[in-house]
Amino acid sequence: MPGWKELLSLDGGRMLQTLREFPEQIERALGLSCRVPNGVQGFKNAVVLGMGGSAIAGDLLARFATVPVTTVRDYVLPPWVNADTLLIAISYSGETEETLQAFREGLRRTKRAVALTTGGALAALCEEQEIPWVPVPPGLPPRAALAFLLFPILGCFARLGCLRENPSRVPAALRPLRDACLPEHNENPAQALAQALCGQIPVVYGAGITAPVAYRWKTQINENAKQPAYWMELPELCHNEIVGYELAGKLFPQGVVIFLRTAFDHPRVAKRVEILKEVLTARGLAFQEVWGQGEDALAQALWLVHLGDWVSFYLALLNGVDPTPVRPIQELKRRLKEP
Ligand code: PA5
């Protein structure tokens, strides 16, 4: 088995570089929040339009905003979107057809709108309709641009009094984790977890603020490590998925549950996790538990996001693949453009 130093040569797309810069990217991204004008204020709810690596920003925003926020991963908008709704279109490329179509429909219902993108058709639409848009730095895989797709909006919501945490505290919480996850660091928590998951199928569990984080882990493992992974949220999984444990040892022997925990877990969720651990142990099923760190809920959630990004990076290397390319996504988009 090659060592980490040799495996790093697989990182042709330089994913390591973007992971290394995540806390500093957040600081830069918070600086971009001034590009969202105060003129959007007064909205009663918000919809984030996006897909894949761009849409996850909406799921995270929804957990911390003090107004209702819904992520729409679709061509069509819910019927309740109206003049009181803030539309937030997020597309790294600016070319995602679902996002563009839903945004065009939304602009017929409300003029409160903003977009985050590197350019493309989305930026052109904003220019044409005089909608403000936040310029996101180009040249990154969309999922590696999370800081720039999320923090300008978190910063704007904080400024408008619509966020229950202070996003500027996040970078300080992430720096010790980033340093511990660098390849040169011994006793590296991300490498250890990636080794524990190698050859297994991760099933990531979150609850409340960590539900979107569990989904992010799943999608990062899919796209970076090129392997199956699943996710589910508590308490809901206690009402269905738990029954599937009965045959899991036979049908899904490589499944490993990862519990994402924070100090802000609801006490009844915490109790459910303890019971689930006993059930998994009794059935001979494997699990891991990871606790977020940081002084508030937002910092702990982003700490877990960052750890998952590192784990998926090292898992890619252990799988012998370059974390950056996502050829099946590009191939599907190319085929959809065919007449
Ligand atoms: O990670 C990816 O590349 C995808 O999930 C994209 O984010 C998704 O296809 C949407 O594209 P975009 O982020 O450019 O709107």
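**Reading the ligand's surroundings**

Reader: How do the residues of the shell around the ligand divide by class?

Author: The shell splits into three nonpolar, six polar and three charged residues (Ala, Val, Leu, Ile, Met, Phe, Trp, Tyr, Cys and Pro are nonpolar; Asp, Glu, Lys and Arg charged; the others, Gly among them, polar). This is a predicted model, where local features need pLDDT of at least 70 and side-chain atom pairs 80 or more, while totals for chains, interfaces and linings use all residues. Numbering runs from 1 along each chain as written, and side-chain values use heavy atoms, without hydrogens and water.

Reader: Which residues surround the ligand?

Author: Among them are Met51, Tyr92, Pro142, Arg143 and Glu223, with a heavy atom within 4 Å. Helix α4 (residues 52-64; a DSSP run of H or I, at least four residues) gives the most to this shell, three residues.

Reader: What lies 2.6 Å from an oxygen atom of the ligand?

Author: That's a polar side-chain atom of Ser91. A side-chain N or O of Lys333 lies 2.8 Å from a ligand oxygen, and a polar backbone atom of Gly53 is 3.0 Å from one. The protein covers 93% of the 370 Å² of accessible area that the ligand has on its own (Shrake-Rupley, 1.4 Å probe).

Reader: How do I read empty space, and where does the ligand sit?

Author: Rolling a water-sized probe over the atoms shows where space is left empty. Here the ligand sits in the largest pocket (more than half of its atoms within 2 Å of the grid points; a pocket is an open set on a 1 Å grid over the protein atoms alone, for a 1.4 Å probe, with protein on both sides within 12 Å along at least five of seven lines, and lining residues have an atom within 4 Å of a point). Helix α14 supplies the largest share of that pocket's lining, seven residues.

Definitions and conventions:
Polar contact = N/O pair within 3.5 Å; in protein donor to acceptor, adjacent residues only side chain to side chain. Helix = DSSP H or I, 4+ residues; strand = E, 2+ residues; numbered from the N terminus.
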